[in-house]
Amino acid sequence: MNIQRSKTIVKFLFLFPFATSVMFFAPPSVRFLIGLIPMDKCSLESVEMLTSGNSADASLDLWSRNDVQTCTSWKAPIIWEGMFNPSHYDQIHRNKGSSVALTVFAVGRYLDAYLEDFLSSSEQHFMSSLPVSYYVFTDTPEKVPNIKLAPNRHLKLIRVERHTRWQDISMMRMKAISDVIESDIRHHATHVFCFDVDQVFTGRFGPEALGDSVALLHAHYYHLPKMLFTYDRNLKSKAFMKTGDFYYHAAVFGGSWRNVKALTEACYRSILADKENEVEALWHDESHLNRYFWLHKPSRVLSPEYCWDTSIGYRRDIQVYRLLWAPKDYYNLRTS
C-alpha cells in the first residue's frame, strides 16, 4: 500500500505542474490543438432517456451538436448553444412560477474592481424572463453601487467579515450561502445560482440553465484527458479524489434551494474538518465542490459557454459567450 501511495504522489507531482502549465501558460497554438481533442459523445438513443427531472428538457436536441458531449454517463444533459429553444424554456419556467436567487461575494478590493460591471451585465442577460433576487455579500455595504433594477428584481446586502486566508474565505462563503438560504432565500426563490464576482455577462444566461443540481464544465479542462484534471490527491483531505467524471468550475454552481443548501453545508463541513486536521485542499472550495459532485451527480451540466476565458483563444465548439472571466490583477486585489 505504501508503494502504491508513493507512486500516486510521484505521478501527481509530475502531472500537476504539467496540467497547470497547459492551462495557463501554453502558447495559443498548443491551446488550439487541445481544442481538437475530441470529447465523448452522448450515447442516449432518445431524449426521453434523460433523468434530469425537468419537463422542458423533452424539447432538447441532443444530436444538434455532434462536435461536443451533450449528455453525461448518468443521463444528465450538458447544455450547449443550438440544443434548446430559448423561448420554450422561458415560457415553461414562467408557467411554473420559477424564481432565482443570485449570490455573489464582493469583499475588499473585489467590490470596486468588479461588482458594478457584474450587476449591470446581469441585469441585461441573467434570467431576464424571471424574478431575480440578488444577495450581495460584502464587508463594505455602503460602497455597493446603485444599480437600476428591472421590475421583479431586488437586491439585498449581507455584511460579512473579511478574511485573508483562502481556507477561511472558502469556509465563510459556503457557510454564509447556507445560512442565508435557511433564513431568507428558501421563502422567496425556487432556485439559487452562486457566482464569483470577477465575471461579466455577455449573452443569454436563461432558464435553460436551471435544474435541481447544476455544475459547470471548467473552460480550461473540458478537452483535457482525466489524468490531467487537478483534483486534490491528498489522502488526508476531505476533498481527496482519485478520479472523477469532469472537472467543474466553482465560479458558477446552482440548483434548487434545497440542493444548493445541501452542497454548501457539505463543503463547509469538509473545509472545517480539513482545517482542524491542518490540511488545505489544493484548489480550496473548488476541490471540495468537485468531490461533492463526484458523490452527488449534478442533474444538469453547463458547457463552458456559461463561463468562458477568452485567453484560451478560438474554440470552434464555443459558439456563444454567455459569461466571461474578467481581467485579473491578483497582486493588487489581494494585497491590503
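Contact here means heavy atoms within 4.5 Å. The exercises below apply to a predicted model.

**Exercise 1. Determine whether helix 7 is largely enclosed or not, and find which elements its buried residues pack against.**

Step 1. Set the cut-off: a residue is buried under 20% relative accessible area.

Step 2. List the residues of helix 7 that pass: D285, E286, S287, H288, L289, N290, Y292 and F293.

Step 3. Compare with the length of the helix. Helix 7 spans residues 285-295, and 8 of its 11 residues are buried, so the rest of the structure largely encloses it.

Step 4. Identify the partners. The buried residues of helix 7 pack against two helices, helix 5 and helix 6 (257-276), and two strands, strand 7 (213-216) and strand 8 (252-256).

**Exercise 2. Describe the surroundings of the residue that UniProt annotates as "active site".**

Step 1. Locate the residue. The annotation, from an unreviewed entry, covers E286, and E286 lies in helix 7.

Step 2. Classify its exposure. The relative accessible area of E286 is 12%, so E286 is buried.

Step 3. Collect its contacts. Beyond residues up to four places away in sequence, E286 touches H218, Y247, Y248, H249 and A250.

Step 4. Look for a polar partner among these. The E286 side chain reaches the backbone nitrogen of A250 at 2.9 Å.

Step 5. Place one of the neighbours. Y247, which E286 touches, is among the 8 residues of a core that lies apart from the largest nonpolar core; Y221, Y231 and M241 are also among them.

**Exercise 3. Examine how the residues of the UniProt "binding site" feature are arranged, taking F105 and V197 as examples.**

Step 1. Write down the positions. The unreviewed UniProt entry gives F105, A106, V107, Y110, D196, V197 and D198.

Step 2. Check sequence spread against spatial spread. These positions extend over 94 residues of sequence, yet they cluster in space, with a largest C-alpha distance of 11.2 Å.

Step 3. Take F105. F105 sits in strand 2 (residues 100-105) and, at 13% relative accessibility, counts as buried. Its contacts, leaving aside neighbours within four places in sequence, are F137, M172, R173, A176, I177, F195 and V197.

Step 4. Take V197. V197 belongs to the loop between strand 5 (191-195) and strand 6 (199-201). Its relative accessibility is 4%, so V197 is buried. Leaving aside neighbours within four places in sequence, V197 is in contact with V104, F105, A106, Y110, Y114, L115 and F118.

Step 5. Combine the two. F105 and V197 are in contact with each other, and V197 also contacts A106 and Y110, which belong to the annotated positions.

**Exercise 4. Find which members of the largest nonpolar core touch the most other members, and follow one of them.**

Step 1. Name the members. Within this core of 93 residues, F126, M127, F193, F195 and F205 touch the most other members.

Step 2. Find the main contributor. Helix 5 (residues 166-183) supplies the largest share of the core, 7 residues.

Step 3. Follow F205. Not counting residues up to four places away in sequence, F205 touches H125, F126, M127, F193, F195, V252, L302 and Y306.

**Exercise 5. Establish whether S121 is buried or exposed, and what its side chain reaches.**

Step 1. S121 is part of helix 4 (residues 109-125).

Step 2. Its relative accessibility is 5%, so S121 counts as buried.

Step 3. The S121 side chain reaches the backbone oxygen of F118 at 3.0 Å.

Step 4. Not counting residues up to four places away in sequence, S121 touches V200 and F201.

Methods
Residues are numbered from 1 along each chain as its sequence is written. This is a predicted model: local features need pLDDT of at least 70, side-chain atom pairs count only at pLDDT 80 or more; totals for chains, interfaces and linings use all residues. Side-chain values use heavy atoms; hydrogens and water are left out. A nonpolar core is a set of buried Ala, Val, Leu, Ile, Met, Phe, Trp, Tyr and Cys residues joined through side-chain atoms within 4.5 Å. Buried means under 20% relative accessible area, exposed over 50%, partly exposed in between (1.4 Å probe, protein chains only). Helices (H or I, at least four residues) and strands (E, at least two) are DSSP runs, numbered from the N terminus. A polar contact is a pair of N or O atoms within 3.5 Å; within protein, one must be able to donate a hydrogen and the other to accept it, and residues adjacent in sequence count only if both atoms are side-chain atoms. UniProt positions are given in the numbering used here, feature names are shortened, and annotations may be inferred rather than shown by experiment.
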